[in-house]
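Here is a short briefing for a first look at this structure. Please read it with the sequence and the model side by side.

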Amino acid sequence: MMKKTFTILILLGAVLSASAMRSTNTVSGTVDTRDYTLEIDSPYGSDESFPSLGIRGNYSWRSTVYCSMADYLFEQDGTILRNCIGFYGEGISPGSGAADSVDVVLTNVNSTLTWNWNTAYWVTRAVSGQGGIFGGSGSAGWYNEGQSYLLKARPDYGWLFTGWSGGASGGPSATNLNFTATAPTNLLASFSDDPDGDGLKNTNEWAVGANPWMADTDGDNFDDLFEFNNGLSPTVDSSPFVTHIQDNPDTYGLYSSNVVLDVAIGQALFQVQGTTARLNLQLEQSDDLKNWTDAGDPKEWELTLDPDKKFFRVRSE
Ligand SMILES: [Ca+2]
Ligand SMILES: [Ca+2]
Ligand SMILES: [Ca+2]
C-alpha cells in the first residue's frame, strides 16, 4: 500500500512539471546555422591586426568577435606616423567607431571591418639668409596628410624672400604658401640682401629707387652698382655719355697709341704640290678697321713635306 501511494505522487509531480514548462518556456523560430565570415581590411598594420587581415570564418550567427589594431605605427625612420582612428564595416554592430579595439556582433553572413588611419609626415623648416617662417607647427612637427597649412615667409629688414625649396616650390611672390605634405619634408625658405646679384644691397637699391630684382634698372648697360658708386642714377639713362665719348674719340684719347695693329692674316694661300708646300702670306693695314691696304710685300715660305703626313696647319705666334 505504501509503495502504490508513492508511485502516484511521483506521476503527479511529473505531470505538474511538464505542464509548467509548456506554459512558460515555449520558443519558436528559425536558427541560422550557416558559417559566418568576417573580412578584416586595413591599408597599414598587417602585423598588428587581430584577427589577422583577410577573410576569417567559422563564426556562428550573431557571434561576438573581438577586433583590435595597433594604436599607431611609425615608418621611414620615424618620419611617417600612422594613427589608427577607428573602423567601419558592413554586417557588424556597431557599424563604425573611433576606437582601435572593439567587440562586434556579426549580423551578416559575410561581414566586413575596415580600419581607418590618419597619416602625418614629419616636416622640418629652415631658412637661408635672414628671415623667418610663420604658421604651421614651429621649426618641426607633424603635418597631416591631405591638410593644407598656411606658411608665411617674412624677410628681415634689408632682405627679400627669393623662394621655397626642399619639398615645396614657389618663387619670390609665394611668400604665403598653402603647404600640403605628401611625404616627409625639409622645407627651406631663402632670403637674399642682393637677389639680383648686381652687388648693390637692397637697402641701397631702395635708397635710390633702383630695382633690387634687376641688375641694370634703367637698361642703359651700366649696372646699378656702377651707377650708384659713380654718382650716376640707376634710374636715369646714362647712355648719352657713351654717345658723347664715341663722338669725340680724340678728346677722350680713345686712340692714344695712335696705331692699331690688326695682326690677323688678311690673305693666306697654302698650296701643296707633290711633296712641296707653299705658304703665301700678305700683311695688311688699316686706319679705321674698314679699309685695308697691303703692308709691304707678301711673304712666301716653301718647304718639302714628309710624304707620310696627311694633315698640316699653320700656327701664328
Ligand atoms: Ca642688388
Ligand atoms: Ca638692382
Ligand atoms: Ca643702369
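β3 and strand β8 (residues 101–106) pair in the antiparallel sense, joined by five bridges. Two strands count as paired if DSSP finds at least two bridges between them. Helices (H or I, at least four residues) and strands (E, at least two) are DSSP runs, numbered from the N terminus.

This is a predicted model, in which local features need pLDDT of at least 70, side-chain atom pairs count only at pLDDT 80 or more, and totals for chains, interfaces and linings use all residues. Residues are numbered from 1 along each chain as its sequence is written, chains are lettered from A and ligands numbered from 1 in the order in which they are written, and side-chain values use heavy atoms, with hydrogens and water left out.

**The chain as a whole**

- The protein chain holds four helices and 20 strands.
- Of its 317 residues, 26% count as buried. Buried means under 20% relative accessible area, exposed over 50%, and partly exposed in between (1.4 Å probe, protein chains only).
- About 20,900 Å² of the protein chain is exposed, and carbon and sulfur atoms supply 52% of that area. Accessible areas come from the Shrake-Rupley method with a 1.4 Å probe; for residues, only the protein chains shown count as cover.
- Among contacts between residues at least 6 apart in sequence, 47% join residues at least 24 apart. Contact means heavy atoms within 4.5 Å.

**Two open sheets**

- Strands of a sheet pair through backbone hydrogen bonds, either parallel or antiparallel.
- The pairing of β3 and β8 belongs to an open sheet of three strands, in the order β3-β8-β6, with antiparallel pairing.
- β3 (64–68) and β6 (92–93) are the edge strands; each has a single partner strand, so one side of each is left without a neighbour in the sheet.
- S68 stands opposite S101 in β8.
- Another open sheet has three strands in the order β10-β12-β14, and its pairing is antiparallel.
- Its edges are β10 (131–134) and β14 (176–180), each with a single partner strand, so one side of each is left without a neighbour in the sheet.
- Neighbouring strands of this β10-β12-β14 sheet are turned by 25° against each other on average, direction ignored. The angles are taken between axes, which are lines fitted to C-alpha atoms (for helices over the stretch in contact); angles run from 0 to 180 degrees between N-to-C directions.
- Strand β12 (residues 148–155) and β14 run antiparallel and are joined by five bridges.
- L150 stands opposite N178 in β14.

**Calcium ions (ligands 1 and 2)**

- Donors are N, O and S atoms within 2.8 Å of the metal (3.2 Å for Na, K and Ca); water is not among the atoms, so sites may look incomplete.
- The calcium ion (ligand 1) has protein donors D194 (OD), D196 (OD), D198 (OD), L200 (O) and E205 (OE), at 2.2 to 2.3 Å.
- Along the chain, the donors of ligand 1 follow the spacing D-x1-D-x1-D-x1-L-x4-E.
- The calcium ion (ligand 2) lies 2.2 to 2.5 Å from its protein donors, among them D196 (OD), D198 (OD), N211 (O), M214 (O) and D224 (OD).
- The spacing of the donors of ligand 2 is D-x1-D-x6-E-x5-N-x2-M-x9-D.
- Which residue coordinates both calcium ions, ligand 2 and ligand 1, 4.1 Å apart? D196 coordinates both.
- D198 lies in the loop between β15 (185–192) and α2 (202–207), while M214 lies in the loop between α2 and α3 (224–229), 16 residues apart.
- D198 is buried at 6% relative accessibility. M214 is partly exposed, at 39%.
- E205 is buried, as is D198.

**Calcium ion (ligand 3) and S238**

- D216 (OD), D218 (OD), D220 (OD), F222 (O) and E227 (OE) coordinate the calcium ion (ligand 3) at 2.1 to 2.4 Å.
- These donor residues are spaced D-x1-D-x1-D-x1-F-x4-E in sequence.
- S238 sits in the loop between α3 and α4 (239–247).
- S238 is buried, with a relative accessible area of 3%.
- Neighbours within four places in sequence aside, S238 is in contact with D220, F222, E227, L232 and S233.

**Aromatic pairs**

- The whole structure has twelve aromatic pairs. Rings of Phe, Tyr and Trp (its six-membered ring) pair if their centres lie within 6.5 Å; planes under 30 degrees apart count as stacked, over 60 as edge-to-face and the rest as tilted.
- The ring centres of F87 and W115 are 5.9 Å apart and their planes stand at 70°, so this pair is edge-to-face.
- F87 is in strand β5 (residues 80–90) and W115 in strand β9 (residues 110–128), 28 residues apart.
- F87 and W115 are both buried.
- Y72, F74, W122 and W142 are linked into a cluster by ring pairs.
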